[in-house]
Amino acid sequence: MSNRPLAGKKLRLEQILRRMEKVMVAFSGGVDSTFLLRFAYDVLGKDGVTAFIERGPVYPESEIKFAKRFASSLGVKVLGFTSRKLDNPNFARNAPDRCFHCKQDLFGRMRQPARSLGIEFIADGSNADDVNDYRPGAKAKKLYEVCSPLQEAGLTKQDIRALSKQMGLSTWDKPAFACLASRVPYGEAITEERLARIGRAEDFLRKQGFPQVRVRDYGTLCRIEVEPGDFKKMLALKEVVVRRLRKIGYAHIALDLEGYVTGSMNRVLRHSVNR
């Protein structure tokens, strides 16, 4: 990709943010929202940006701590809440529209503090690539009039990583992350115990040298996704991995031969549509 189109997208993003004057960012500490928060800070200043952080069992504590630390380092106002979305049966039953109920809870909680601070715009970190995936949370964005500046500017994940590197952000090469609930097959209940089990398993595997990893939870069985280039390492550590994951609660441990794939749990939805 040449620098010219990327520079044009960057300019477009700056123009979008300047029109807002003030913005509240749904901040998770991931690649996209970190870039958006920092870029908005650079354009609008610390008084023009507020970070809103959600804490709860669907997010590892390490991610929450990073988000709080990064936002505080910019000097922007930091707000947040502890989610109890597992108490919502529409979320916990884990139907294909789970993400709608998740984002509805988040954006709904952001609206009142935004109004109290005189902030007209609420933004999330959706990028241009997200329009090609199954994203029921997008309906919640429309419901609460949440904007997606990165998407509007046409910035892809690759673009965002490139610009993050230019800006010196440590997240430029951070592995992709999604909430832990995305590891559970649709139709199977999401529980705090299940999320904690997934979190412990993924944390262990990251410490073993697998930065991009997913542990898909099927009850007593887990399906591990890592980059294909890490297969040899995984097989070399198979005894250590099996022993640890069995202690965590999995009786059967499988390695997905396709490797890590974003949104792999959504395949069942595509198959049901194509039947």
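**Exercise 1.** Determine the strand order of the open sheet that contains β6, and work out which strands stand at its edges.

*Solution.* In this predicted model, three strands form an open sheet with mixed pairing, in the order β5-β6-β7; strands are DSSP runs of E with at least two residues, numbered from the N terminus, and two of them pair if DSSP finds at least two bridges between them. Next, β5 (213-217) and β7 (252-255) each have a single partner strand, so they stand at the edges and one side of each lacks a neighbour in the sheet. Finally, β6 (residues 221-226) runs parallel to β7 and is joined to it by four bridges, with C222 standing opposite I253 in β7.

The model is predicted, so local features need pLDDT of at least 70 and side-chain atom pairs pLDDT 80 or more, while totals for chains, interfaces and linings use all residues. Residues are numbered from 1 along each chain as its sequence is written, and side-chain values use heavy atoms, with hydrogens and water left out.

**Exercise 2.** Establish whether S164 is buried or exposed, and list what S164 touches.

*Solution.* S164 is placed in helix α8 (residues 157-166), where helices are DSSP runs of H or I with at least four residues. Its relative accessibility is 0%, so S164 counts as buried (under 20% relative accessible area, exposed being over 50% and partly exposed in between, with a 1.4 Å probe and protein chains only). Leaving aside residues up to four places away in sequence, S164 touches F35, L169 and W172, contact meaning heavy atoms within 4.5 Å.
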